[in-house]
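This report walks through a protein model, moving from its charged pairs to its helices and its nonpolar interior. Please keep the sequence and the structure at hand while reading.

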Amino acid sequence: MNTIKSTKAVAALAAIMLVCTGCSSDKAVPTANTTDQTAVSDTADNTDTKTAKSIDEIYQEIGQTVTLQSPQCMDDDFISNYYGIDASMLEEYVFSMSEDAAQAETIIIMKLKNTDDLASLQDSLQTVVDEKKNEMENYIPEQFAIVEKSKVQTKENYIWLVISENADAITDIIESDLF
């Protein structure tokens, strides 16, 4: 029986890894800062210097650390059509939602090209929260409670939203890997 559970767990983890491998936008544009950060991390004299991981690497770490509920990564067309987010404003992103309609779980992490777009993206992510609340409020009270606790967070040119029963653990991973 334990072998079956182990096999299922490995299969589930492999499926999550496959689904999430292509989550971030393929339009990520390397910047001088990315190159400089790599150079700093390779310098022996700067062992205390910490570099931010890519958003895709952070999302993979989340998937390895926390059990996600049927994650489905959304593409440029989806985020544009449903939430008015112009992917060209983003250097890189992950926009993952549970494909199970009974689960509110949503993980969105975005790195903006220009911090002037921050207010617009905050509004767009607040729309995600508001829509999830409306979907869950009268139908799935426990999921509504999870959405109620969520909030859009920002720091520098990053913005993220975590709607999950594991929100604290996921947010800790994001914050520790970005800053």
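## A salt-bridge network around K53

K53 and D177 form a salt bridge in which the closest N and O atoms are 3.8 Å apart. Because K53 sits in the loop between α2 (32-42) and α3 while D177 belongs to helix α7, the pair ties together parts that are 124 residues apart in sequence. The model is a predicted one, and these distances should be read with that in mind.

K53 also meets E61 through their side chains, in a salt bridge of 2.8 Å from N to O. The burial of the three residues can be set out in turn: K53, at 35% relative accessibility, counts as partly exposed; E61, with a relative accessible area of 22%, is likewise partly exposed; and D177, with a relative accessible area of 7%, is buried.

## A buried pair between two strands

K111 is joined to E91 by a salt bridge whose closest N and O atoms are 3.3 Å apart. This pair links distant parts of the chain, since K111 lies in strand β3 and E91 in strand β2, 20 residues apart. Both K111 and E91 are buried.

Salt bridges with shared partners join K53, E61 and D177 into one network, and the structure holds five salt bridges.

## Overall architecture

The protein contains seven helices and five strands, and along the sequence these follow the pattern α-α-α-β-α-β-β-α-α-β-β-α. Of its 179 residues, 40% are buried, and its accessible surface comes to about 10,000 Å², with 47% of that surface belonging to carbon and sulfur atoms.

When contacts between residues at least 6 apart in sequence are considered, 62% of them join residues at least 24 apart.

## Helices α3 and α7

In helix α3 (residues 55-65), the buried residues are I55, D56, I58, Y59, I62 and G63. Viewed down the axis of α3, these buried residues fall within an arc of 160°, so they line one face of the helix. The face of α3 turned away from this buried side carries the exposed residues Q64 and T65. An α-helix has 3.6 residues a turn, so residues three or four places apart point the same way.

Helix α7 (residues 167-178) has twelve residues, which at 1.5 Å a residue should span 16 Å, and its end C-alpha atoms are 16 Å apart, in agreement with that expectation. The buried residues in α7 are I170, T171, I173, I174, D177 and L178. Seen down the helix axis, the buried residues of α7 fall within an arc of 155°, so they too line one face. The cover over them includes α3, β3, β4 and β5.

## Q153 in strand β4

Is Q153 of strand β4 (residues 152-155) buried or exposed? At 17% relative accessibility, Q153 counts as buried, because the cut-off for burial is under 20% relative accessible area. Leaving aside neighbours within four places in sequence, Q153 is in contact with Y158, I159, W160, T171 and E175. One of these contacts, T171, is among the buried residues of α7.

## The nonpolar cores

In soluble globular proteins, nonpolar side chains tend to be buried together. In this model, the largest nonpolar core has 28 residues, and the members that touch the most other members are I85, F95, M110 and L125. At least two residues of this core come from each of α4 (76-83), β2 (90-98), β3 (106-112), α5 (118-136), α6 (141-148) and β5 (158-163). The element that gives the most to this core is α5, with six residues.

Apart from this core lies another, made up of 17 residues, among them I58, Y59, I62 and C73. Three of those named, I58, Y59 and I62, also appear among the buried residues of α3.

Which residues does M110 contact once its neighbours within four places in sequence are left aside? They are I55, I85, L90, E92, Y93, F95, L121, L125, N157, Y158 and I159. Among these partners, I85, F95 and L125 are named with M110 as touching the most other members of the largest core, while I55 is one of the buried residues of α3.

How values were computed. Residues numbered from 1 in each chain as written. Predicted model: local features only at pLDDT ≥ 70, side-chain atom pairs only at ≥ 80, totals over all residues. Heavy atoms only, no water. Core = buried A, V, L, I, M, F, W, Y, C linked by side-chain atoms within 4.5 Å. Buried < 20%, exposed > 50% of the residue type's maximum accessible area, 1.4 Å probe, protein only. Helix = DSSP H or I, 4+ residues; strand = E, 2+ residues; numbered from the N terminus. Contact = heavy atoms within 4.5 Å. Arc of directions from axis to C-beta. Areas by Shrake-Rupley, 256 points an atom, 1.4 Å probe, with all protein chains shown as cover. Expected span 1.5 Å × (residues − 1). Salt bridge = Lys/Arg side-chain N within 4 Å of Asp/Glu carboxyl O.
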